[in-house]
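Take a look at the model below. Then use this briefing to find your way around a few of its parts.

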Amino acid sequence: MTDVPCWPRVRLSELLTFYGSGATPRGGKNSYKMFGVPLVRSMNVHDLCFEQKDLAFIDEAQAGMLDRVQIIHNDILLNITGASVARCCLATSSAVGGRVNQHVMILRTDPSFGDARWLARALAGPYKGKLLAIAGSGATREALTKSDVKNFIISLPPLEYQRRIADLLDVYERLIENNRRRIEILEEMARLLYREWFVHFRYPGHEDVELVNSDFGPIPKGWGQTCLADELELQRFNFKPFEYADEEFDHYSIPAFDARKLPSLERGAEIKSSKYLLFDESVMISKLNPRFPRVWRVDRSETDRQAVASTEFLVLANPVKWTLTFVYSLATSTEFVNRLVSTAGGTSTSHQRVKPTDVMNMPVVNPQAEIVQRYSEQVRPFLRLVDNFIQQNQILQEARDLLLPRLVSGELDVSDLDLQLETLGYDTRVG
């Protein structure tokens with residue numbers, strides 16, 4: 001521990017060489033394609049994390065109109081309007097070369113005074129509360145203006161100190177990113193195996209089984225047709241956590257899924273609407289925006305704390321002949337997701353929903369029970385590893401978030417730390 005140093009206080013305008021936001025190109029959302037030049041919107045910017053999943057694309061002509069806000073390496077992206085105002089992260093390689101719309105501001109540091117890695121973490125960490133307070137002071141909506149950002153004051157440590165903090169926190173980011181890659185690989189392995197066995201019908205022993213005609217086309221003899229309603233229970237245990245104001249709940253919400261695929265711990269008083277009460281094991285499928293599938297495996301069998309889920313989820317439990325491992329793979333398969341998308345309705349692409357009856361009554365191929373069991377036995381170890389990596393990332397993120405304000409303020413000197421992450425079982429190598 002050290003005495004908190006007295007660093008000079010500076011306005012962001014003294015530290016930045018560029019700060020500005022973009023616009024929505026002419027043509028609007030109908031012109032977005034899944035190729036072209038990336039257009040970064042507020043939904044892509046999370047605290048210390050760039051979300052590529054909902055990245056939009058514009059053509060070269062539209063991008064030309066936004067050349068002023070072309071993203072370069074080490075740019076900081078700051079949300080300046082709406083519910084996600086003040087969220088902040090570094091642009092990743094997938095965003096570099098892209099543009100930002102009017103809801104996102106680019107902050108570009110002068111490298112002779114500031115390390116962008118340090119500043120992004122400072123703004124997303126200890127300074128976020130002050131940014132939110134400024135954004136919430138407007139008369140009409142939450143927003144940060146160019147003047148707000150320009151005149152925002154921070155304490156600026158020496159450049160070398162900024163770099164030391166950034167280097168240390170980069171270790172955490174590499175560990176978290178490595179685990180994310182491993183999770184993606186394991187999930188993809190499970191999907192590929194599902195596709196091989198239950199779409200292409202190349203499961204062990206398939207050579208000795210003839211194909212017969214069905215409503216789905218040729219399927220293995222002995223297989224049939226079913227629907228989720230015949231194989232699973234749709235649980236709807238309505239519960240009002242706000243009536244238990246001081247009790248803590250694990251809250252399975254859409255934002256919690258998007259952030260870490262882990263429930264958030266919240267007091268009943270903080271949960272304002274009715275939820276579904278969760279028991280034992282289940283698989284949850286989001287009704288909202290099925291083109292971005294959110295499928296959650298839940299196991300409450302080994303914890304005493306009560307859990308609740310957003311009513312945006314369908315809670316599937318108690319399979320008759322299937323396993324929940326198989327249900328999870330079915331619900332995350334490309335074929336199932338595409339069919340959900342085709343049945344979704346809504347006033348816009350960002351607020352589409354599927355009806356529970358459409359999901360539960362959707363016809364699907366029904367494999368023989370022994371094939372389902374063999375598949376589940378092979379895939380369960382993959383999913384257990386996924387859970388381990390998710391838990392590791394939770395620990396790493398909590399440790400990072402605990403260190404961040406103390407490092408940025410100078411309360412804790414980076415030279416005093418001996419984290420020995422390798423001894424805790426974390427591989428600090430990249431890749």
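The notes below cover a helix pair, a small sheet and one further helix.

This is a predicted model: local features need pLDDT of at least 70, side-chain atom pairs count only at pLDDT 80 or more, and totals for chains, interfaces and linings use all residues. Residues are numbered from 1 along each chain as its sequence is written, and side-chain values use heavy atoms, with hydrogens and water left out. Helices (H or I, at least four residues) and strands (E, at least two) are DSSP runs, numbered from the N terminus.

**Helix pair**
- Helix α3 (residues 116-124) packs with helix α6 (residues 159-198) at about 75 degrees, and their axes are 8 Å apart.
- That angle makes α3 roughly perpendicular to α6 (65 to 115 degrees counts as roughly perpendicular).
- On α3, the contact (heavy atoms within 4.5 Å) is made by Arg 117, Trp 118 and Arg 121.
- On α6, the contact residues include Ile 165, Asp 167 and Glu 173.

**Sheet**
- Three strands form an open, mixed sheet in the order β6-β3-β9; strands pair if DSSP finds at least two bridges between them.
- β6 (56-58) and β9 (99-100) are the edge strands, each pairing on one side only.
- β3 (residues 37-40) and β9 pair in the parallel sense over two bridges.
- Val 40 stands opposite Val 100 in β9.

**Helix α10**
- Phe 336, Val 337 and Leu 340 are the buried residues (under 20% relative accessible area, 1.4 Å probe, protein chains only) of α10 (residues 334-343).
- Seen down the axis of α10, these residues fall within an arc of 95 degrees, so they line one face of the helix.
- They pack against α7 (228-231), β20 (281-286), α9 (324-332) and α11 (356-360).

Definitions and conventions
Axes fitted to C-alpha atoms, helices over the stretch in contact; angles between N-to-C directions. Parallel < 35°, antiparallel > 145°, perpendicular 65-115°, else oblique. Buried < 20%, exposed > 50% of the residue type's maximum accessible area, 1.4 Å probe, protein only. Arc of directions from axis to C-beta.
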